[in-house]
Amino acid sequence: MALDKIIATSLLLIISSNANAQFHFSAEADFTEEITDGKTINIVSKGHTRYSQRSQQLVTKYIKPTTATITVNSEQPQLKYSILYRAVNNGFATTPAVDFNYKPVSVEKKDKSVIISYMLDDNYTDTLLNTPDMVVKILTSQTNNRLDAEVMYDINNQIIAKTFYYDYQTTNRTDIPTRIISVSYGKNEIYSKTIYSNIEIDKQTTDSAEINALTHSEQGSKCEYEEKKMYNGLFAFYKRIISPQDIQKCSFYPSCSQYSIITFSQNGFFYGFADTFDRLIRCSGADHSKYEFDPIHNLHIDYPLNRKK
């Protein structure tokens, strides 16, 4: 079966590199953010946000506290933590920390949940972030492949922040939490709640339609669009059409489609294709005993190497 998937992936890569009209997905929603110190609740922001897979941009238009538009690009780490980006790309089965030098170190079951611990890679040497409040450990809880909570720890193993995900909504076979509560710890505990409504996901569009919808400043990123044109459509098609048909045959966690999305995002087209090709072969024919085993999913853990470190 690995050969079938390799052939399908190769054909899709060829098609996506030559076709002008690609599958590009977007997600958008209204939002309201509240913050409280435990006594007073204040609405600190309100507006509409939209993520475009084509442009790799999150554009948020605020109507409160003031009318403003803020654009977050692919070069900014907060893009991958945004709710809409995760809904369209990697989903909510794991933490986005896997894209930022964090590696899973343990998996255990507690009641109906799966608890996964992530640690900052020992080779991480960014001295600009080497501070006492730097996040070195992340504990996640998930149920039925939906993330329930994330807890972040500093170098002294003290909790810095917690985030809880509630009220998942399924739109076009995509799960997205509509209520998110975060707690930040410092001199005072700060609670924030974000509510998403009127969610729309997986609007299909073409290159020309997407570019025409951009503002003048956003069109300046056209070079980046061209670089991503070859595989954006591939992932959407593979994840939604091929992967569901083969879901019971995958030997690894994350799945082959999720693995491919991660490595293309981290490492670019060349390494992304090579990693995906290698993973598909290992999934069906390799000795899996050398990989850490997740007894909950009965799968072996295998994340792609981040070559940007």
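## Charges over rings

Arg-282 lies over the face of Phe-252, 5.6 Å from the ring centre. This is a predicted model. A second arginine, Arg-179, sits over the face of Tyr-166. There the distance to the ring centre is 4.5 Å.

## Strands E1, E2 and E3

Strand E1 covers residues 26–36, and strand E2 covers residues 41–52. The two pair in the antiparallel sense, over 11 bridges. One point of contact is Ala-27, whose bridge partner in E2 is Tyr-51.

E2 also pairs with strand E3, residues 57–64. These two strands run antiparallel and are joined by seven bridges. Thr-49 stands opposite Thr-60 of E3. Four residues lie between the strands in the hairpin of E2 and E3. In this hairpin Gln-56 takes a positive phi, near 55 degrees.

In general, side chains of a regular strand alternate between the two faces of the sheet.

## Aromatic pairs

How many aromatic pairs does a search of the whole structure find? The search returns seven. One of them joins Tyr-51 and Tyr-85. Their ring centres are 5.4 Å apart, and the planes meet at 75 degrees. The geometry is edge-to-face, because an angle over 60 degrees counts as such.

This pair links distant parts of the chain. Tyr-51 belongs to strand E2, whereas Tyr-85 belongs to helix H3, residues 83–88. The two tyrosines are 34 residues apart. Tyr-51 thus has two roles in this description: bridge partner of Ala-27 and ring partner of Tyr-85.

Are Tyr-51 and Tyr-85 buried or exposed? Tyr-51 has a relative accessible area of 0%, and Tyr-85 has 3%. Both are therefore buried, since the cut-off is under 20%.

Elsewhere, Phe-92, Tyr-165 and Tyr-168 form one aromatic cluster.

## Cavities

The whole structure holds three cavities of 30 Å³ or more. The largest has about 120 Å³ of space.

Which residues come closest to the centre of the largest cavity? They are Asn-90, Thr-94, Thr-95, Val-98 and Ile-262. These five belong to a lining of 13 residues. By type, the lining divides into six nonpolar, five polar and two charged residues. Asn-90, Thr-94 and Thr-95 are among the residues of the lining and count as polar, because they are neither in the nonpolar nor in the charged group. Val-98 and Ile-262, also in the lining, count as nonpolar.

Key:
Residues are numbered from 1 along each chain as its sequence is written. This is a predicted model: local features need pLDDT of at least 70, side-chain atom pairs count only at pLDDT 80 or more; totals for chains, interfaces and linings use all residues. Side-chain values use heavy atoms; hydrogens and water are left out. Two strands pair if DSSP finds at least two bridges between them. Rings of Phe, Tyr and Trp (its six-membered ring) pair if their centres lie within 6.5 Å; planes under 30 degrees apart count as stacked, over 60 as edge-to-face and the rest as tilted. Buried means under 20% relative accessible area, exposed over 50%, partly exposed in between (1.4 Å probe, protein chains only). A charge sits over a ring if NZ of Lys or CZ of Arg is within 6 Å of the ring centre and within 35 degrees of the ring normal. On a 1 Å grid over the protein atoms alone, a cavity is a set of points where a 1.4 Å probe fits but cannot get out, and a pocket is an open set with protein on both sides within 12 Å along at least five of seven lines; lining residues have an atom within 4 Å of a point. Grid points are joined across faces, edges and corners, and a volume is the space filled by probe spheres set on the points.
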